[in-house]
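Me: Please take a close look at one part for me: the surroundings of the ligand. Then place that part in the chain as a whole.

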Amino acid sequence: MKEILTAWDGEAVLIRHDAQTGAVIIIGIHSSKFGPATGGTRLMKYNTVEDAIQDAQKLSSGMTYKFALADFPRGGGKAVIALSRVLLPEERHGLLMRYGSWIRQLNGYYYTGPDVGTTPEDMDVIATTGDPYVFSRTPANGGAGGSGEATGYGTYCGMKAVGAHLFGTRTLAGKKILVQGIGSVGRPLLGYLKSEGAEILISDVDERVANDYPEYVFVTPARVYQTPCDIFSPCALGGILNADTIPQLRCKAVVGAANNQLGTEADADFLARQNILYAPDFACNIGGALAITGMEAMGWSKQVAFEQVSRVEQTLTTIFTLADEQRINTHVAARNLVREKLNRIQ
Ligand code: PHE
């Protein structure tokens with residue numbers, strides 16, 4: 001445990017056991033220097049509490065990086081609710097209510113929103129005890145709704161930067177794009193890609209999604225890494241770019257919304273050696289957090305929010321240019337840019 005805590009450069013890991021359900025709730029506060037620590041709540045099963053703590057640490061670091069790159073005055077936080085078993089709906093409801101009370105006790109040290117395993121409806125429940133520290137409630141409850149559409153839009157804007165850099169054109173018409181994970185982000189992303197005439201392939205661990213999109217080629221999870229395409233877009237869980245998958249990849253670029261795509265930082269070099277342009281995850285997937293917090297905390301209109309999200313394209317262009325000029329990989333270039341921005345405001 002000591003190693004897990006000392007290996008991380010964040011501010012705090014808050015942790016509590018929920019006796020009624022056996023769940024462990026972990027809040028990672030990576031940094032509150034840039035503003036109040038903000039990030040979604042991930043609710044899923046973890047094998048060990050250590051895994052869950054490390055995930056909360058990494059995910060909250062990612063939030064600091066995202067907000068810094070977007071020059072948005074929020075810090076990095078993330079909550080992980082690690083379930084040890086499947087919960088009944090009323091058990092889950094009770095857990096979310098107790099979680100909300102805890103957030104309120106933290107008095108603004110951490111603001112939450114949705115992430116893998118939670119929805120705007122869950123935010124409504126958490127907000128009954130956790131108000132006003134809960135983003136992305138349903139519109140019926142005064143929130144801006146889900147964050148997936150804006151995240152999908154930002155990822156799509158990121159693909160335009162890749163198009164310009166690799167293919168000399170921002171348009172994605174005719175580009176073969178494989179989206180892994182057809183969930184709250186993948187679905188709206190497909191809409192943007194379709195509107196531009198991309199050639200779309202989809203993959204998901206739930207093979208039933210193929211029925212929702214009979215017009216697109218469905219790639220089974222077993223073949224998702226080796227299927228040739230122009231852009232591979234991971235929009236499911238993290239850790240999918242690793243020593244096992246990278247040699248299989250037959251794409252020219254990776255541009256996706258999943259958090260923590262790299263297995264290890266060295267995998268960014270591995271991708272570069274394979275001649276695959278990697279768009280750093282934290283540069284692509286700011287859309288949801290930025291649009292929702294902008295609309296709810298800063299009073300942005302939806303139009304202003306989406307204009308802000310579209311800056312992902314320019315940010316990625318800067319990252320690609322820095323990487324080329326300094327002969328470093330794109331992940332390191334993006335990280336350097338974040339550090340520079342953070343140093344400037346400290
Ligand atoms: N799930 C979002 C992310 O990973 C977090 C978020 C959504 C934060 C909505 C605030 C509001 O970026």
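**The ligand shell**

Reply: Four nonpolar, three polar and three charged residues make up the shell around the ligand. (Ala, Val, Leu, Ile, Met, Phe, Trp, Tyr, Cys and Pro count as nonpolar, Asp, Glu, Lys and Arg as charged, and the others, Gly among them, as polar.) The model is predicted, so local features need pLDDT of at least 70 and side-chain atom pairs pLDDT 80 or more, while totals for chains, interfaces and linings use all residues. Numbering runs from 1 along each chain as its sequence is written, and side-chain values use heavy atoms, without hydrogens or water.

The shell members are G40, M63, K66, K78, P114, D115, S147, N259, A289 and I292. Each has a heavy atom within 4 Å of the ligand. Two helices each supply at least two of these residues: helix 2 (49-69) and helix 10 (287-298). Helices are DSSP runs of H or I with at least four residues, strands are runs of E with at least two, and both are numbered from the N terminus.

Now the polar contacts, which are pairs of N or O atoms within 3.5 Å. The side chain of K66 places an N or O atom 2.7 Å from a ligand oxygen. For the side chain of K78 the distance to a ligand oxygen is 2.8 Å. N259 has a polar side-chain atom 3.2 Å from an oxygen of the ligand. Of the 330 Å² that the ligand exposes when taken alone, the protein buries 95%. These areas come from the Shrake-Rupley method with a 1.4 Å probe.

The ligand occupies the largest pocket. A pocket is an open set of points on a 1 Å grid over the protein atoms alone, where a 1.4 Å probe fits, with protein on both sides within 12 Å along at least five of seven lines. To sit there, a molecule needs more than half of its atoms within 2 Å of the grid points.

N260 follows with a backbone feature: its phi is near 55°, positive although the residue is not glycine. N260 belongs to the loop between strand 10 (253-254) and helix 8 (267-273). Elsewhere, the peptide bond from D131 to P132 is cis, with omega near 5°. P132 falls in the loop between helix 4 (120-130) and helix 5 (148-167). Most residues other than glycine have a negative phi, and most peptide bonds are trans.

The chain has 13 helices and eleven strands. Its radius of gyration is 19 Å, close to the 20 Å that the globule rule gives for 346 residues, so the chain is as compact as a globular protein of that length. (The radius is taken over C-alpha atoms; the rule is 2.2 Å times the number of residues to the power 0.38.) The C-alpha trace spans about 50 × 50 × 40 Å along its principal axes.

Definitions and conventions: Polar contact = N/O pair within 3.5 Å; in protein donor to acceptor, adjacent residues only side chain to side chain. 1 Å grid on protein atoms, 1.4 Å probe; cavity = no way out; pocket = protein on both sides within 12 Å on 5 of 7 lines; lining within 4 Å.
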